[in-house]
Structures are given as C-alpha cells and as structure tokens.
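Student: I'm new to this structure and would like a close look at a single part. Could you pick one strand, take me through its surroundings, and then show me how the rest fits around that?

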Amino acid sequence: MSSATVAADTESRAPKRTSRPQAQRADRRTEKMIYGSISVIVLLAMWELLTALKIEPSILLPSPLEVVRALGDMFASPTIWLDLGASGGELLYGFLLAAVVGIVVGLAIGWYRRVGYVLDPFVNFLYAVPRIALFPLLIIWLGIGLTSKIALVFLVAVFPVLISTSSGIRSLDPQYLRTAICFGASDLQIFRTVALPGSIPFILSGIRLAVGQCLIGVFVAELLGAQHGIGMLMTTAGDQFQTATVFAGLLIFAVAGVLLTALVRRVERHFDAWRL
Amino acid sequence: MTRERPTTFAASITVEPHANSAHQEFEADVEHLCADGVSITYRSGTRLESTVLAIDTMDFRVHRGELVCIVGPSGCGKTTFLNAVAGFLPITGGRLELEGKPITGPGPDRAMVFQNPSLLPWRSALRNVTYGLEMSGLMRRKPAEKRARELLEMVGLDDFIEAYPNKLSGGMQQRVNLARALAVEPELLLLDEPFASVDAQTRETLQAELLRICKQTGVTALFVTHDITEAVYLGDRVCVFSSRPGRVICDIKVELSTSRDPRSRRSAAFIAYIDEVAEALVTGSGNRGRDDNEPRECR
C-alpha cells in the first residue's frame, strides 16, 4: 500500500507524457482505494448520524456501532463456532459437490453432442424452476438435517458451473481444433490439450457465479429450519426483533461472499492469458 | 539471419537438403504431390442441388524439394485445393496422391501453416512447437523439446522459448507457427497466405526467412498467396489459378540467376515474371490453356 502511494507520488511529479503504464496503474489503484474508502466512510457516518437523530427506532435501524457490538456478543457466545461450522460445512460440501458434478457433466454435455441432447431438457427444466422451491421436496426426501441443506446448496450452485462449462467447450475457437486435427490428434488428445484448457476460463466464471448462489442456498436452507448456522441465528434474532444481530449475520454473509469471490477472481486473472 | 545455425536439424530431415541454389532441377523431377483431374465440389446450402464446383478436373504437380506458389483471384478455390491436400476436404473426382499414396485425411506427413497463427494460448512457444510431435507420438518429450529449441533458434526466437503467445507479436507468433509445422518434418509443407496478416516490413523478413529455412531443410512447400510479388519472390514455380471453377491456367518456372535477396525484387527479370503472372491473372489465360492440358498419368 505504502509503496503504491510512493509510486503514485513520483508519478504525479513526473510529466504526464513520460508516464509508464505500470506507474499509471499503481496510480489508478491508489485512487480507487481512496475514493472507495471515502464513500464507505461517508455512508457509515450518515448511517450513524441518522440513527443518532432517532428518526427511526433502533429496532428498525440499529446504528453501525450497535451492529459491531452485536457482532462482538455473537463471537463471545460459545455456540458461534458451531453455527459458523454448520454454515461453513453446508457451503463447502454443497459447493464442492456442485463444482465437481457441474464440471464433469458440463464437459460431457459440451463434448458429446448426444449427451447434450439427452440432458438438455432436464438442465433447461431445472434451470428454469426456482430451485429454492424444491427445498420442501428435499426435506421430505432427505430429512431436516445437514443432507437436505447440502443438497439445496448443491442444486442452486451446480447450474452456473454446468452451463458455463458446457458453453465453454461449445464455444472453443475452431482454429485450435483445426490445428489439432491437422497434426493428427486423437479425440482424447484434442480433449486434453485443447478443449479442457480452453474451457478453464469459462469454468472459473461459472464457479464465481456459483459462490454467490451457494451463500443464498445456505441462508435459505437455514431459514426454513435448522439447529445451527448463521442463517438460523439471523432468523431467530429477526423473530425477536434483535435487529442489530440480524445485521451482524448479514455482515458475516457479506464478508464471506466478498472474500470467496475475490479469491476466485484472483485465480481467474491467472488464467486470463488463456482467453486469446 | 546471417548466423550459421546448427545443422543437426537439417541433417535429420527426411528429404535431403539441396547443397546449392534452390532453383535447380529437382531430384530428377520426382513427383511428390500429384493431382490428376482433381475436382472438388462442396455444398453451399442445405439443398442438395446447391453444390459449387470449386476445382475443375485439375492436373497439378509438385516435385520434391520445390516451393510452388499458387496465386489466383479471390474465391478461385486455391485455399480449397490446399485444404484438400491437407486432407480436410474430400475430393469428388480424379486422383490426389502424395508420394504415390492417395490422400484420404489429415496426417503428420503434411503440416499446415494457416494465415492465423492459431497458437494454443495455454502453451509456451516451446510447447507449441512440440505440439505436433506430441500429438503424432513421433518423439518422446525430451528429444522433441531439443528439436523445438533448434527450430525456435532457426526462426530467430532464441529469447522467447518460454514465452506465451500473448507476449509475442504477430510476426513472432507466425514464426512459432512455422516452427511448429516444421517440427513434424513434413514431407509437404502447406502454407495458406501465412504472411497476409503481418505488417509489410515483417512480411519481407519472414519471406527471406522462409526461403532460407526451405533451402536449409530442403522441405517441399505449397504456398498459397494473393500477392504476386510474394509468389515470384518465393516460388520456384508460380501457378496461376483461374476464377471459379479453379484450374491451372499458367505455370511459370521462376529462374532468377542471382540468389534471391530483397534487392532482386527490382531486377528486370523479376519484374518480367511479375508481368507474366499479372497478365495471366487479368486475362484469365496463360501458358497452360485448356487445350494443351492433356491428361497425364502420375509416374
């Protein structure tokens, strides 16, 4: 951070004509950071001011400080780790299952035309149905425990991965295929050396979308009945008008979402050169 | 370009390199690629009757070690013909043989250099050059990489062996593309307007490099272009195709006394060849009219 600021300083002193792109980029980053931070701070200050004026009771809108306090209370309680573990487990297992199944089935659909023909109706049907509406069915089939929740998370997350994987394979640049065929590559070789690496950027964007869907899945699954979990915590707090706690739970979800998405985005950027 | 390159590659190539000028008699006129009355039609629409005759009963020979350039008006079927030789397209009539064996599909004995470099973006320059060897299983990884290094040196990319395509300029990518095609030691190198999308200066450099490489490796090459100067500069022979349906209307043996360097492009003989080719292109007739084009059998 500090080095970036230094770079920006030397940059602003140098004449604009000779600016190197790298320094310019560092300059942009610092600028983005400053403006972003200011906007967030201003919003929080306005929020705090609004609540301090007591226009609305704190049951409707707790102040940011109250939310932080609620968050502290949350983490002071011994059950928080159970809740985090439950939500994290649902997220992790559901997501992993969705990623594996989504990639494998997506590759099969994209690569084998006939597999696509067979599976497309089901994919289209399930994709069109609001998948959260399937949760009552999942509870009937799988019970109220962890399994049905993982199943819901899987169900909402699998389609983004599956659909972008198969469209990645289907939209492969024909020039690469032609090159491979020209060198006498077998189908398996073409798959391994062209189709698979060529669709990785698509798979990753699918995964990034899936992460967001997973968080929705976790929350909804816990909303409709759970023993532990952040979503359950928020629901209970909401029922008791502990609005600050609801906000604290929301914050946990938001932080998880931002961090995971940023992580995937970083991996994605690594493979940017693969989209030529 | 002027540097002496290691000769290991040239020595290992299946076709003997030519010791002196490339414009000599070619291995006692051994017919390498032989097209006898070849016709190619393709369906242009969904209806059965809407077929287009792209190549009409064409006779065409390429001798071993020759660099033959094909020029013709756009849409005359020169790329179609090249694709048929590469094995991408079936012929609908006649015979098309390479070294006496009919061409039925793509194979490692022919390598294609497309106008678009089409390097795999997820492979370094080195691994792009080894690609053909990996796919055809001709070589194990270590010797394949050794040869790829030699070839990348030969095309002047010593410093970019580990670079990925997105870090290479268009001209550099085309050099890698050429090295990749040469790596499989093809009997016939097929080039489809390979220098059409690079800038003029790079094109001249690449043309000179191609000449040097062809001389060094003795590879036989079929070069499609729409640039007459390029064709005369590179080709041992220049074949002019008529507009569709394509057939050879003019077959000119280019015999330039001096070794070809960029200066020879301004010599009177060079310009005379260009005029001859241009004349054939404009009038649509040349030294190989329909009449004296009696069918010959492949030897």
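Tutor: Happy to. Let's begin with chain B as a whole: of its 299 residues, 45% count as buried. Keep in mind that this is a predicted model. Chain B has nine helices and ten strands. Among contacts in chain B with a separation of 6 or more, 74% are between residues 24 or more positions apart.

Now for our single part, strand E3 of chain B, residues 67-71. Five of the five residues in E3(B) are buried, so the strand is largely enclosed by the rest of the structure. To count as buried, a residue needs 20 or more other C-beta atoms within 10 Å of its own. In a regular strand, side chains alternate between the two faces of the sheet. You can follow that along E3(B): B:Leu67, B:Cys69 and B:Val71 point one way, while B:Val68 and B:Ile70 point the other way. Both sets are buried.

Next, look at what lies on either side. Strands of a sheet pair through backbone hydrogen bonds, and the pairing can be parallel or antiparallel. One partner of E3(B) is strand E8 of chain B, residues 220-224, and the two run parallel, joined by four bridges. To find this pairing on screen, go to B:Cys69, which stands opposite B:Phe223 in E8(B). Another partner is strand E9 of chain B, residues 237-241, again parallel and again over four bridges. Here the place to look is B:Val71, which stands opposite B:Val240 in E9(B).

Step back a little and you can see the sheet that E3(B) belongs to. It is an open sheet of six strands in chain B, in the order E6-E7-E8-E3-E9-E10, and its pairing is mixed. The edges are E6(B), residues 110-113, and E10(B), residues 248-253, each of which pairs on one side only. Ignoring direction, neighbouring strands of this sheet are turned by 15° against each other on average. Over at the E6 edge, E6(B) runs parallel to strand E7 of chain B, residues 188-192, with four bridges between them. One marker for that pairing is B:Arg110, whose bridge partner in E7(B) is B:Leu188.

What about the other chain? Chain A has eleven helices and zero strands, so to speak an unbroken run of α along the sequence: α-α-α-α-α-α-α-α-α-α-α. Of its 276 residues, 32% are buried. Its radius of gyration is 24 Å, whereas a compact globule of 276 residues would have one near 19 Å. Along its principal axes, the C-alpha trace of chain A spans about 75 × 70 × 30 Å. Chain A is divided into domain 1 (3-52) and domain 2 (64-274), and the centres of these two domains are 33 Å apart. For chain A, residues 24 or more positions apart make up 73% of the contacts with a separation of 6 or more.

Finally, see where the chains meet. The contact takes 15 residues from chain A and 19 residues from chain B. On the chain A side, the elements giving two or more residues are helix H8 (174-182) and helix H9 (187-223). H8(A) gives the most, with six residues. By type, the residues on this side of chain A divide into eleven nonpolar, four polar and no charged.

How values were computed
Residues are numbered from 1 along each chain as its sequence is written. Chains are lettered from A and ligands numbered from 1 in the order in which they are written. This is a predicted model: local features need pLDDT of at least 70, side-chain atom pairs count only at pLDDT 80 or more; totals for chains, interfaces and linings use all residues. Two residues are in contact if their C-beta atoms, placed from the backbone, lie within 7 Å. Ala, Val, Leu, Ile, Met, Phe, Trp, Tyr, Cys and Pro count as nonpolar, Asp, Glu, Lys and Arg as charged, and the others, Gly among them, as polar. The radius of gyration is taken over C-alpha atoms; the globule rule is 2.2 Å times the number of residues to the power 0.38. A residue is buried if 20 or more other C-beta atoms lie within 10 Å of its own, exposed if 12 or fewer, and partly exposed in between; C-beta atoms are placed from the backbone. Two strands pair if DSSP finds at least two bridges between them. Axes are lines fitted to C-alpha atoms, for helices over the stretch in contact, and angles run from 0 to 180 degrees between N-to-C directions. Domain bounds come from an automatic or database domain assignment.
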